[in-house]
Structure formats: structure tokens, C-alpha cells
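Biologist: Before we discuss particular chains, could you put the structure on the screen, so that I can follow your reasoning step by step?

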Amino acid sequence: MLVIICPNCGPRNDNEFSFGGEVIPRPSVDTDPATWRRYLYMRTNTSGWQSERWFHVSGCRRFLNIERHNVTNEIRMVTDVGGNNDA
Amino acid sequence: MSRRTRFSAWKLITHGLSRSPWPKVWEHHDLASAYDVVIVGGGVHGLATAYYLARNHGITNVAVVEKSYIGSGGSGRNTAIVRSNYLTVEGSRFYDRSVELYERLASDLNFNVMFSQRGHMTLAHNDSSLRTMRWRAEVNKLEGIDSAVISPDEVKRLAPFIDTSDHPRYPIVGALWHPPGGIVRHDAVVWGYARAAASLGVHIHQETELTGIDVGSGRIVGVRTSRGSVSTSTVINCTAGWSSLVSAMAGVTLPITTRPLQAAVTEPVRQFLHPVIVSGSLHTYVSQTARGEFVFGASVDPFTSYATRGSLEFTTGLAGHILELMPAVANMRLLRQWAGLCDMTPDYGPIIGPTEIEGFYVDVGWGTYGFKAGPVAGESVAAMIANGKPGDLISPFGLDRFEKGTLTAEKGAAAVGH
Amino acid sequence: MLTSILKGHDSVSDLTLTDLGKTPKWRLFGDHATGDLAWSISPGEWTVLGDRPDGDVVDLTSVRAMFRLTGVDAPRLLAKICALDLGDDVFPDKAAARTLVGNVATELVRDDHDGVRSYLILPSRSFGRHMHDVIRDAGGEFGLG
Amino acid sequence: MRDHRLDPQPGELIDRSETVSFTWNGRRLEGLEGDTIASALAANGVRVLSRSFKLHRRRGLLTATYHDPNAMVQVGDEPNVRAAHLNVSEGMEVSAQNVWPALSFDVKAANQLVSRLLPPGFYYKTFMAPRRLWPWYQRVLGRFVAGGVVNPEHQGGEYDHRFAHPDVLVAGSGPTGMAASLAAAEAGASVILVEEEPALGGHIRFGDDSDLGALADLRAAIEGQPLIEVMTDAVVAGRYDHNWVSVVQRDMAHVEERLVLARVKTLVVAAGTLERPYVFRGNDLPGVMLSTAVRRLINLYAVKPGDRAVVLTANQSGDAAITDLERAGVEIAAVLDARTGETVVEATGRKGVKTVVDSNGRRIDADLLVTAIGWTTPTALLNMAGDRPVYHSGAARFLPSSLPTNVLAAGGMVGDGTTDQLVEHGTAVGHEAAVRAEAVKATWRGGAPEATPRDIKGLDVEDHPELYRSTTHGFVDFSEDVTSEDLFSAAAEGYDSMELAKRYTTAGMGPVQGKVEAVNALAVHGEAVGTSLLETSTTTWRPPYAPIRLGTLAGQYHDPVRYSPIHPWHESHNARPLIAGQWIRPDHYGDPQAEVGAVRSSVGIIDVSPLGKIDLRGADVPRLLEFVYVNKWSKLEIGKVRYGMMCAEDGVIMDDGVTGRLSPDRYMMSTTSGGAGVVWNWLDDWLQTSFPEWDVKMTAVSDGYASINVAGPNSRELVSRLTDIDLDPHQFGYMEVRTGTVARIADCFLWRIGFTGELSYEIHVPANHGLEVWESLLEEGQDLEVRPFGVEAQRIMRLEKGHFIVGQDTDGLTQGFGFGIDWAIKMDKPDFSGKPELAWQKQRGDYPRLVAVQTDDPSIVPPEASQIIDREAGIVGRITSSRMSPTLDRSVCLAQVAHNRAAAGEKLDIRLPNGTTVPATVMEHLAHFDPEGTRLRV
């Protein structure tokens, strides 16, 4: 069970959050199938530090940007997508 | 298979009495400067592919490069369940062939892989999951697969330890029963393929890590490893967990995220659970090995990771669910937990076939069901390499389906009902 | 609807669990709050317990069940069903959080009663019976039942 | 039988005034309060505790600890109990496992005669032909199982969990661990001190007088330190990411066992060392014991371990054992000092040690052979923390190499020392642990850590001879019956890495998990492959450190369930419960077909409280609706409701429901019961990550309203009797919403929709009053013969009406078009979720269609999921919903079929589960009943 230091709630266990994965920018809806489906399906899936989206569903219900090392599970940055980050 | 001593009861006795040593199951080789085919990953997929390349197609100038020891990845960490009762036609056909190969594997490889066809039972706890079971059963029957929906009484008869009482939270309203399903000794499958492939001339390079893939004008020209470089025109990515990273070496991006899948084993007790029991609603599957241990599995971890350390929550959640099904095992002890890495695809279907790089093939994205597919994947990939194009069994699983938007329908099963 | 009141045995140290389902509760959107007891579990949103405050308000009275858990053993009981650190330095009197209690997302408020530990537990209403069972089972060792 | 109990010993744990009687294999024996099962048996002269796994050899006490591979017994209906750990209690029924017919005479011991024919992995080499015999072979192999027996009637027992947040958790209460706990607490840290055995002290409990003195002082200090919580007979089972630590507490009053889940700021591992067995021929005979085992028996339980002993000693523990044995009146037949090169070559005897052969060829008669050849470090918790311990040849054991800052290793794990040195070292470690804990908490508070980690001076390492195997072969893994010879032959066969050899021979796979044997296995395997593996390898450990009961892991397991405020009424009226996700709902009240009849002919009411309800306010709500729904929302007038469908970005149907506009800037969105949470999160996602500037305030109020659907031709009459809202069809039309009071309850809203196909009003009343309103409706409607109906009746009616259910008639690949609402999908909207995929779907055209299907034989109801087949094309569709329609008195279905088989009048073949095929026809409308919807609009 990881500790995620929520900028709104403080240290919480990871089972209060839901995982959103890599942040992939949404292309224009007028784009071609290949581009759209890269957005839907293709992932870098790097090993190491990853910027990802989490949702504090059982806490403040805010979406968070998190930098996590997906081998050690060390977390070095957590911010609210709304930029409201005074814990 | 001339270069191999045949195993048999008689050989056991003669060797035992004479104390004469057994011949080596496989030899160590220096890394050659060139191979016709380089297979990345010394698990069941890679070794089976090597074996069928050699046996079915006479392609023996083959190297299997494994960064650790053979079977150290998913092949040695899975819960060794074999079945073919999938939802889709393509899935059922594919895995049915795998079961067929597993049934013959011991004699094919002259290595007892201990395939125990004790039956595979998927419990339904509500009407919607029972509907999905029936869907699977009906598709399976049309493919000639032994698969049917059975009543709670049948469940009780086949697995008396299961609590089929009027359970408040998870009543058992029926089950999908698949007699040919069962468990196999996973290490034995790996060793059997390795021994057979080695005896046909395949080079198995353990402790040899792939460090790069050389691509020239859109085609494979060679690979680099921790033990030196090799020139080759054909590379097959047979890894699980690291498939995105290996493909990235060739500049190929995959629709894959890597998640740990955890498993655990209890101390041995006297045999009392015969079939493999699965509960989708409880995210749990359990079987009792020939050694008497209970082997448990669950669904993949809630977030992606390349770590195989395992979590406490897996064991606490698992135990809660198991005791919902079998209250009597409360004082059995969990002995060991571990995790393997699973390459999850958006539609729960594997990715087998060519890529935009000529000579670079993938056999990846096996999610949580790669082990049971090992033999058929090896056979099919070998045929694809030999014939230059994917056969019917694997054509639905090409990488291009994601750009085309023609996903496989196993996703249907995963998303239907609750 | 949950109506039972659980009581422990007979001494001040004993736990009582009271169902306060109908007590008025309001969600106020804004950066300030009024009322008997108010807390924020998310930026710009306040839950107010008491009279209807001014401003942009949603009535949560029926949306939340509410229990009051009182007694010196309350933190020990809560520590069996809630992973939050309830220590005075981390979760002092009048502290509030939305967190998991009994595997359900719940607003949790510490509201001591003349020096005795007391917590308000506000799960979504349909989990009321579940929460009641969870608290009762966890409280067995403290004479709650 | 002779009593082997000694006179009182200074450190003994037993209470001589309290005898405890128990049975061993049915024989009644007596022990003392404080005895373990094993010490009580030893006091009664029992030497053989078990039979080994493969060869069924007699086995006796080896380590006399929890981790003794030979001391697993059955106690009552509990298998695999650790006899050297669990105390005896009055009336306990203890029996040997893995024996047939009896411990004294075991038929399978015959395996020993053919042991040469059963090399490691022998089963991989045989039983292959003929294949038809394989099932029989399997049953034979199954009988080799070594474990105890599970009683099918066993009913679990009580277990629970507790969360803890200590600043410092110390694993191990030897002098180091006790000192570390005290120092951490004195520095202001909250401490949990965990000890595997029933009492604090570790090895100094069986030390000399000065040790016992030091022990008393430390215990007293800990007693007086309020910041230290002591957990004895408890074990730190695992260390997980971010110092999440599990502790099993075994001696609980109110439960069998408790699992403590601790978020530890600094973990101090002071687990000491385990004594290692020596590998030589006969090393598993009853009577071959480790020095610490005999010292435990003598000092803690006052049991005489034998009469005539040979002692092989390489360290102080062996030397101390000699003193203890002499004090216990055991005759020392010979002392072999390994430090001068003497060693043991072989032990012989049938039922136990009789003769010991030493390296000088001497044959010495003895019934006890004590070995003290060295230690192994229980680094499991350190490995779990990411450490890769390295072999130290001077210490002849593995020592930690690199630890994260939130884990400290101390005491025997890092070196050797006198009790005083261990205390001094532990004190330094404990203080540093407290400092580091404070730093962690500072960062959690959002600040910067005040201190940076300091290194603690370790302990010196005494010289230990590297002793692993004698000149003969013996057992390496006792619980798996793996010998050094087995490891040699595995290596020769090609299983030449430790991992392969382990998996092939199963060394280390047994209940002891390698704690006792791993390092010997590594040493022997290294010998076999001719390189010192110890120098190049590390040991790996997986959690848990000690086995944990499934009951302990489960605790007071509670899977959340949800109930509607009207549920008590359903329960008291014998509703059959239906489990839908977390909800328990009324499926029906006995006769769903009659319930349908009541609705179609007069009026019925159903509890639909689980429907998701989301309160939406703010100027930009229409923009949100335009984006998440496929249809148009910009011009929804006050008082109107509209049906909407949501698709995910891949165009797959996600959820549907109606949304109504209650007032100028207040909307109420409804979702499916199962989709409520998903949709709530989905809206939050878009609002927070993509459209933060929009003015939308969202509150999930699903549980805030009890929802009652009043359906049937008489629904208007019934509702009119209870509400102040004007129900005149011209005032309150189809697909409209009104707010007002119902049954004198204010703040209700009603919308006029028709999932059942009948005139109906969905009443949403503040949940606290749901039950009253439900009962008022039944009361007021008596003359109309109003009847409650359940989910089953609703499903029949919606099927008659041709309304699909997301997740039943759709699946994980079903995109928006083809489900009868193509008209609603507005591709001219600039943007909405899933738009591109829907555009391409429309172009393709080859997507499956939802159609109404009727079997030619009206009496046949094809079970849901029956496949629709075609001789050439194979599967061309499937039945997604089917029921017998009481209204039409025939079977009705919805089906997904291939686009080229969807035309009205198309003939289909439905394959039933029983294998027969029945003909059916595609209908013109999705609705089997009232396709024009006249009943809705009255």
C-alpha cells in the first residue's frame, strides 16, 4: 500500500485513489483514425519515472498529476490538476 | 531427437542402480556472430517458438536470449491453469489447439509436464454473470469444446468444500464447467521445451540481456546483447512485462500497459479440492497442486508497475474472498506470495504478428493468460516465420487491428454485466 | 433506514454509537462556511451541520447516514476499520476528512464531547446498514453490541 | 515412561504448579503450563515428531523454534501446527502428520529402500506412457502430500485487523531490539516492539546469570516506557512499499489472531541470527540437534535432551551448550572442535542417533549429537525492503548491503557482540530511527526534513569458520527431503543456476521457506558447479516471513452492500433478493408475471432508488450535457426531461438515462444503477481536467432520494391522490418534470417517463421519507389494486417495450449506432465524447444491430446468450434478452445480429443450449408491444 501525499488531504493510502495512467492529450475530433487511435490505445509504458493521472475518489475527489517511479513505486511529485496545492 | 537420452521408468531404474549421471538437459554455447532467428525471451513462448521452428520447419540456427534463467518471468510465476472456454470464436479455437498440444506435450517432449485435466469451474454469483457463462458455453459448444453451464448442486458434487448455501452476499447460482481444463507443472513445460529445442540445435543463452535492436532502412539487421552483437534478419519479441521496452528498441510502439499479477501458495494439506475454481465476481482463482498446496491468483494490480514485489492487500483481499467460498480453510496458512508482470492490451486479446519493421515480429500482450497459450503461440509464430505470413488461428490478433479499430471481442466478455 | 442505537455496558469509558440519520446536513459551495459544525473535504466545498447556510447550497440531509461514536475507546475501535492516523498530532479535535471507513468512502469528523473522544461518521446513506454492521463487529471487544 | 524434566532452571518459562494433560496420537500425556507441544513431548521422552515428506524418514527436534522443519503436527482440526512454538493447553489433541498407518511404523518408509530410484524431479522422467494411466499415476503422486488435514466442517473462528501508525517498529526483542526501542522512545518516538516468542529477550533468555540480569533490567525499563507497545508471540510478516508492515499477533484474547497493518516511519530489523544445520550423512536422525535447540530445551523448558552427547562446536553457542548439557547431567561422550579441524562424518542409528563417526574415524556411542557450526541471517524483511545481502566470508553468513533510509538493520544482522555491546549498538540505532521518523513526518506535513540520515557504527564481526558440508552427503532441506547429493545431480543434469536447481529439486519450497536451509543449499550448489556461489549470489525472500492463516489475512471481512430506504418493507414482504453490484434489490414478491399484469391493467409501484442521481447547477451545465451525451441539450426548457446516451471516447455505449431541468440553473441527471459511480467520476474528470473554466457545480445525490416508479393506466389517478402537482396531461406531459409535495413530503420531484411502456410517474422523494411515501401509495391505491413489482417484472415490461439495458443488450464493443436511437446521435455537434469513432462507425455501416426477435413457436423462450447461427457464416448474432411475455402470451427477445441479417422479416436460426435449433423472425419494431407508444402519452 503506497502513501500518496494528496495536496488537499495529506498522506493517504493508495486504495483511496483510482489510477488513470499516462496522461495522453486529446487530439482534435476532426483528426484521422490513426491519430485518434494512438490517443485511445498506444502507450509509452516506460520503465522508470512516469507522469500519470490519479483520482482521489475516496477523498477530495480531485484529479491529481503524479510523478511515480514504476519500478520502485517512489513518488516525487503530487499536484492537483486545478493547481490548488496548499495541503 | 537422436542427441537425447529418452526418459522412462526403465531409465530411472538403470540410472538409479548404476548411479550413472544423467546427460545434460541443455548445453551452454558461445554467442554466435549470426543467427537466422533471434528469439527474445526464454519463457514458454520463446522456447516453444524455437522448438517448433526446429521441429516443424527445420529452422535450427536459432538463438533464444534470456536476460536471467529460463522460465524466470511469467512462465515461472503464473498459476499454471490451462483451459479453452473463451468467449469468442477466435479465442476458443486458438486455446482449444493449445489444450490439444498440452495433452500431447509429455510424449512430444519426452518430459512429463504433469498436465492434470481436473476440470475448470467458473462460478456465477448473479444472473448477469450466469448469462456471460452461458454465452461462453454456447460459443464453446459450437467450436466443439466441452463446456456447459451447471447447477449449484453439480457445483457441490464436484467441489464439496464450496459453500453453496443460501449465501447472503455471493450466492452460487450456477457455474461454467469445462472438464478438459486443468493445471500443469509450469517449470516442466519450460524445461521440456528447452531440452527438446536444445537437442535440435537451438542455442539457449541464459544470463544474456538484449541491449539493442539494429534496424537498417526499415528492416532488422541485428541485435546487441550483454554478451555481444549478433547479426540476424529476424527478431521475435516473446517477452512478457518488458514487451514495450523491447519493441521500443526497434522503434515500435505497442498498445500495452504493464501490470503486476499476483499469486500466492499455502502450505500443503491432504488433497481435498479437485477442480480448478474461479470466481470472477470475487476476482479469485484457486487450485490444489499435486504437492497439496493451494495456489491462488487474482486480478491484476490496480495500477501499472514493473515491480514484482507483491502487496499485502492482495493477500488480505484474496483471503476474504476465498473464505466467502470455502469457510473451512480459515486455518490453512499462506506460505509465499509473488508477482509476475502482465502486458495488458485494450481489448484483452494478444498481439501476434509482423510490425512496420520488416523482420521484427511480436508475440506479446498476453495479459493474464499467456502461459496457457504457450504451445499454440509457439507453433503459430514458428509457422508465421516459416511461411512469411500469419495463419488463420492468429490473423485476428495482429497489431494493426488497433489502428483499424477492429478490436477482438474478448473485451465483450470483460465488460459485460458485473 | 437505520434507527438502532448501540450502547456498550455501563461506565463512562464505554462506547455509544448513535444513529443521527435525520440531522440536517448541507453542502455549501464557496470559500467560507457557517453553522454549528462545518468542514471542507475538497477545495471550495464545505459540509455544514446545522441550519441552512446562505449561498450555493445542496441539502445532504437524506444523502448521508450519520453516526456518532463516543467513548475513550472510540479511536481504538476506529483504528480497526479506518487506516487514517487518528493521533492527536494528525487528527485533533474538529479535524475532518473524507476517507475509507469499513471500505466505504466516508466523511469523518472528530467532535469531542467534554473531553471524551467522539467521532461523526457520515457514509453515503445506502451504506448505513453496512457501516452499522462494521462498527458493531469491530466494537465487540469494547463491549459495543 | 521416564520423565526427562530437570530440576528448576533459572530462565525457565514453565509453571511447575500447573500440569496440562493432552494427547499425542491418542496417548494421554502430561506437560506443564508454559511448555510448547515439543518441549512437553520431549519431557515425556518422545523423540520422533514426524515422518519426512518423500522418504518418510523419522524426524525429531532440530531447531526447537517456530521454524523447525521436523516439528509440524496436527492439532485438532488445524493442520501444520508448529509444535516447537505453540504452547500445550489442557485437552489438546496432537497427532503426527504424514504417517500411515502409524508414526512408529510407516509403510511409505519403503521409499527409503528405493530412494536411489527417486532422484530429484524423477516424476518429470516417467509416468508418460501409456497416457491412459496418467490419471492413476496422478492419484499415486497425490498420496505423497506431506501436510495435515483440513476439516470441511471447520467454521473459521474470529479474526480481526487493526491499523497502526508507529514512528518506529522494531522487529526482534533481543538485547539490541529492546535497547533500540528504549532509545527511540526516549527520543519521543512512538514504538511498537514485536517479538516472535512468548517473552522478550531473544537469545539472552538462555544466557548466563549476567545475561539474565541484563534481561530483567531491560524488561523493567520497557515496562515503564509508555511510548512502547509490546507485541509478544507476534511476528513481522512482511515489509511492503513505503514501509507498509504487517504484523501477526497470535496471543489475542477476543480473536484467534489479529493482523496489524502498520504504516511505519522507520523500521528497525533486529531479528538476530538463526543457527544453521550441518550437512553430513545421517544429519536428519532424531537426536541430531542444533546447540540453540538443546539450550532452549534445558534453559527454557528444563528438559533433558539426551543421555550421552557428542558436541560439534565452532562457536560460543556450542561451548555454552556443553556447559548446559553438563549441568543437565548429560554425559559428554566427545567434543569435536571444528575450530581445530575436527568434524562429524556420519551419524547412524535406526530410530535415532546411536553412533557418531568423527573425522578421525572414531565411532562414538551417543544418543544426542549437538552441532554448533554457524549462523544464518534472517534477512527476509531487508530483502523485502530492496536490500541484496552480501556474503561475508569472515562471518560465514550474509550481511545487509544497501538499505533504504526508512529501514535500519541491527544486532546479529550486522555483526557480533557481547550483550553490553549489543545494547550500546541498539541504543544508537534506536535513537537514529527516531530522528529519521521525525524527518518523514516533516515531509508528510509538507515541510522539509530537519535532519539527514546518519550512518550508525555497525558491530565487529567475529571470525566464524565456513562450515556447510562435511565429507559425506546429507540433508539440505529437511522439509522437502532434498540432499546435497540431489543438488549435485541436478547441477550435473544442467540445472546449474541456483534458481533452476531450487525449482528442480524443490529445495527451499517447503514450509520453512529456506530460512534454515537456504545458505547450505547455496553452498552445496556452489560446490557442485565448482564456484563459490556464496561470494557471487544473494539470498532472496518473498513475503510473508512466517506463514499466515487465511482467516487472519481476511479479518472481519466486510464487502460493502447498499440498501434502499424502502428495503425493510421489501424484507418484511418476502421479496426475493437480487444482487446487482453492491445493491440488494427486490427481484420479485412471488409472482413477477402477475406483477406485470397488475401494471398493464391498473397500477404498480417499483422501488428504483438505486438509480444514479446527480444534481447539476451553474451556467455551463448545458455545455457539459452537450459534451457527455451524444444528443442535443442546448435548448432544454425548464420542466422538460430528455433521454440521453453517453459513449466513451472509443464510441462504446457507456450509460444512459434521463436528465431534467428543474429550474433555470438546476438540472437533475439520472444514470443507471450500476453506472452511477462511473458517470459521476467521468463528469468530474472532464470538468477538472478539460473544462475547469466551466461554471458547473456537481453533487451526487443518488442516496438522497428514494425513487418510486408508479406505472400503469391508473398511475395518474393514484399519484393525484397524494400530490399537489397538477397532473393534467396538458399541464404535465410525457417527458416532463415537476417539483412539489407527495404525501405531504416537500422537495420531491416527479418525472413522467415510461421505461415499462406504461403511463408512469417516477417520484423522487427525500430518502428519509421514502418508506412513508411507499406505504402511502399502497394505502391510497388499495381500491385500484395497486401492487408492488420488482426488477424482474420491470425487465419483462421493458423487453416487451423494446428498451435495451446497457451491459446486457450492449457489450464492451457496442458503439452508439444500431441500437434504435441513431436519430439521437447528433453528428453536427462540434464536439462530444466519442464523436470521431461514431462518425467512422456510421461510415463503415457493418456494425451489429439490436433487433426484436420472435420465435416462430411462441412457447419457446431461447435462454439469454443463445447463439444465432448460419450454416455458412457461423455465428451471426445472439439473444441478449428473452422472456415469456404475459401481455402478449408469447416469448419475446432482443438480439444483436449482423447488419445483413437485421431487416424486418429476416428469418433466423437460434441454437438453444440443448443443441436444438429453432426458427425465429426479426420484427419491424424494437417494441413487441405498443410500438406507437400510445399508452405512454395518454
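Modeller: Please keep in mind that this is a predicted model. We can begin with the charges of chain B, where the mean positions of the 37 positive and 36 negative charges are 6 Å apart.

Biologist: What is the distance between the mean positions of the positive and negative charges in chain D?

Modeller: In chain D the count is 91 positive and 123 negative charges. Taking the mean position of each set, the separation comes to 5 Å.

Biologist: What radius of gyration does chain B have beside that of a compact globule?

Modeller: The C-alpha atoms of chain B occupy a box of roughly 65 × 65 × 40 Å along the principal axes, and its secondary structure consists of 11 helices and 19 strands. For 418 residues a compact globule would be expected near 22 Å, and the value for chain B agrees with this, being 22 Å.

Biologist: And what radius of gyration does chain D have?

Modeller: Chain D, with 21 helices and 49 strands, fills a box of roughly 110 × 70 × 55 Å along its principal axes, judged by the C-alpha atoms. A compact globule of 938 residues would have a radius of gyration near 30 Å, whereas the value for chain D is 38 Å.

Biologist: What percentage of the residues in chain D are buried?

Modeller: The accessible surface of chain D is about 32,700 Å², with 51% of it belonging to carbon and sulfur atoms. For chain B the exposed area is about 12,900 Å², of which carbon and sulfur atoms supply 52%, and 67% of its 418 residues count as buried. Among the 938 residues of chain D, the buried part is 65%.

Biologist: What share of the contacts in chain B with a separation of 6 or more joins residues 24 or more positions apart?

Modeller: In chain D, residues 24 or more positions apart account for 66% of the contacts with a separation of 6 or more. The corresponding share in chain B is 75%.

Biologist: Which two chains share the most contacts?

Modeller: Five pairs of chains are in contact, but chain B and chain C do not touch, their nearest C-alpha atoms being 11 Å apart. One aromatic cluster includes residues of two chains, among them Trp22(B), Trp191(B), Tyr123(D) and Tyr495(D). Of the five pairs in contact, the most contacts are shared by chains B and D.

Biologist: How many residues apart in sequence are the parts that the pair of Tyr95(B) and Tyr369(B) ties together?

Modeller: A search over all chains finds 47 aromatic pairs, and one of them joins Tyr95(B) and Tyr369(B) edge-to-face, at 6.5 Å centre to centre and with 85° between the planes. Tyr95(B) is buried at 3% relative accessibility, and Tyr369(B) is buried as well, at 10%. Because Tyr95(B) lies in helix α3 of chain B and Tyr369(B) in the loop between β19 and α9, the pair ties together parts whose separation in sequence is 274 residues.

Biologist: Is Gly877(D) buried or exposed?

Modeller: Gly877(D) belongs to strand β46, residues 874-885 of chain D, and, leaving aside neighbours within four places in sequence, it is in contact with Gln867(D), Ile868(D), Gln896(D) and Val897(D). The C-alpha atom of Gly877(D) is separated by 9.8 Å from that of Asp909(D), which is 32 residues away along the chain. Since the limit for burial is under 20% relative accessible area, and Gly877(D) is at 10%, the residue counts as buried.

Terms used: Residues numbered from 1 in each chain as written. Chains lettered and ligands numbered in written order. Predicted model: local features only at pLDDT ≥ 70, side-chain atom pairs only at ≥ 80, totals over all residues. Heavy atoms only, no water. Helix = DSSP H or I, 4+ residues; strand = E, 2+ residues; numbered from the N terminus. Rg over C-alpha atoms; globule rule 2.2 N^0.38 Å. Buried < 20%, exposed > 50% of the residue type's maximum accessible area, 1.4 Å probe, protein only. Contact = heavy atoms within 4.5 Å. Areas by Shrake-Rupley, 256 points an atom, 1.4 Å probe, with all protein chains shown as cover. Lys, Arg positive; Asp, Glu negative; His and termini not counted. Charge placed at Lys NZ, Arg CZ, Asp CG, Glu CD. Phe/Tyr/Trp six-rings, centres within 6.5 Å; stacked < 30°, edge-to-face > 60°.
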